[in-house]
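Colleague: Could we go through this model together, taking a few elements in turn and giving the reasoning behind each answer?

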Amino acid sequence: MNILLSSDWYSPAVNGVVSSVKALSKGLILRGHNVLILTLSNDRNYHEEENVIYLPSVSVSKLYPGARLSVMYPRKAYRRILDFKPDVIHTNCEFSTFLISKRIAKKLNIPIVHTFHTVYEDYIHYFWPSTKLGKMLSRYVVRKASSISSLIIVPSAKTREMVLRSGGMKTIRVIPSAVDIERLSRYDIKLREEIEKRAGDVNALKLLVLSRLAKEKNIDEILIYLSHIRNVNFVLFIVGDGPYRKNLEDLTKKLNLCGKVVFFGQADPNDVSSYYHACDVFLSSSKSETQGLCYAEALSSHIPIIARKDDAIRGVVIDGANGFQYENEDEFRKSVMFFYEDRSQIEAFGKRAFESSLMFSIDAFSYRVEKAYLDAIGKVLP
């Protein structure tokens, strides 16, 4: 098949949508398909790189940090896509590239398969002052994208409920996005050692938060809970950047955690595996994930997880096997102490973590999405 993947987000941006699109592209190509990617440039210029088309765009960071909107759809972009003759278009965002994808699908009479990566109700505070009106707008976006699509893909049951709650299409496939397990198994030994040295004490329990530093990620909770754990030798590495970083740095000072928290800033995507492998336990307190690829990345890096209980990680973080889910401060504290008091459990849980990460392999992901494409255009796999 010839497959057009469209997304408003792509490299050099770093987020779950980018990771999913890149993993899917790799998997589909390995399965013998031809893939063309349509995305937005970081400036007003049109350009192409290998199999990626970058449309001119402008920043709309006032609406959402890092977001961009296309300013024009050059004719050469249309010609390039029409010459490619896609059999199906897989859209991964609901705005700029979705609009051009809609026009192309109509002209070529081909189906759109759409993936919802975002539970917009959790992001209302960025773009709308009224929660009620914001929810109405987010549900309108979901219904509109659903009405144009032949089939909807979501990465988790939580996202499926969001689509149904919004009145969207009921023909929905739950297909967890993939991570590049092979890439995450490799890391830079020197960088890992440099990261470990930042802990100061080799005996410290090294905890990791690797995330966009935004309000909805709820990282405040981790800092507050850790500040209440006394007489424990730990260090928290916070890797990532975002609009909420200054708030977290100020809170760290207020809680007297400066000697126990290290802010690394945004990591190069090629270095992410070194951070996972340098730490003992991965932490997340987010309640806004649709799937949370960071969980899959952590598991495939042999690192156990302590995460706030959420429908998005149902069946992913399994209590007592590859980590723990918590609902309150006491459960969080007990989970941290479990690994602190018996370090041998880190390796045992890490082994089971890797085993459970195989469900997120690129091959499994691309196979299931391929089947969705074929179903969308009226075919079935032999």
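Modeller: Buried here means under 20% relative accessible area, with exposed over 50% and partly exposed in between. Please keep in mind throughout that this is a predicted model.

Colleague: In which directions do the residues of strand β13 point, and are they buried or exposed?

Modeller: Strand β13 covers residues 261–265, and its side chains are split between two directions, with Val 261, Phe 263 and Gly 265 pointing one way and Val 262 and Phe 264 the other way. Because 5 of the 5 residues fall in the buried class, β13 is largely enclosed by the rest of the structure. For both directions, then, the answer is buried.

Colleague: Which handedness does the β-α-β unit containing β13 have?

Modeller: The partner strand is β12, residues 234–239, which pairs with β13 in the parallel sense over 4 bridges, and within this pairing Leu 236 stands opposite Val 261. Helix α10, residues 245–254, joins β12 and β13 in making up the unit, and its handedness is right-handed.

Colleague: How are helices α1 and α15 oriented to each other?

Modeller: Helix α1 (residues 16–30) and helix α15 (residues 362–376) have axes 9 Å apart, and they pack at an angle of about 80°. Since angles of 65 to 115 degrees count as roughly perpendicular, α1 is, with respect to α15, roughly perpendicular.

Colleague: How many residues of that contact between α1 and α15 are charged?

Modeller: The α1 side contributes Ser 20, Ala 23, Leu 24, Lys 26, Gly 27 and Leu 28, while α15 contributes Ile 362, Phe 365, Ser 366, Val 369 and Tyr 373. Divided by class, these residues comprise 7 nonpolar and 3 polar, and the number charged is 1.

Colleague: What is the orientation of α12 and α14 to each other?

Modeller: The axes of helix α12 (residues 293–300) and helix α14 (residues 344–357) come within 7 Å and cross at roughly 125°. Because this angle is outside 65 to 115 degrees and not over 145, the two helices are described as oblique.

Colleague: Is Thr 171 buried, partly exposed or exposed?

Modeller: Thr 171 lies in the loop between α6 and β10, and it touches Leu 151 and Ile 152, leaving aside residues up to four places away in sequence. With a relative accessibility of 46%, the residue therefore counts as partly exposed.

Terms used:
Residues are numbered from 1 along each chain as its sequence is written. This is a predicted model: local features need pLDDT of at least 70, side-chain atom pairs count only at pLDDT 80 or more; totals for chains, interfaces and linings use all residues. Side-chain values use heavy atoms; hydrogens and water are left out. Axes are lines fitted to C-alpha atoms, for helices over the stretch in contact, and angles run from 0 to 180 degrees between N-to-C directions. Angles under 35 degrees count as roughly parallel, over 145 as roughly antiparallel, 65 to 115 as roughly perpendicular and the rest as oblique. Contact means heavy atoms within 4.5 Å. Ala, Val, Leu, Ile, Met, Phe, Trp, Tyr, Cys and Pro count as nonpolar, Asp, Glu, Lys and Arg as charged, and the others, Gly among them, as polar. Buried means under 20% relative accessible area, exposed over 50%, partly exposed in between (1.4 Å probe, protein chains only). Two strands pair if DSSP finds at least two bridges between them. A crossover is right-handed if, with the strands pointing away from the viewer, the path from the first strand over the helix to the second runs clockwise.
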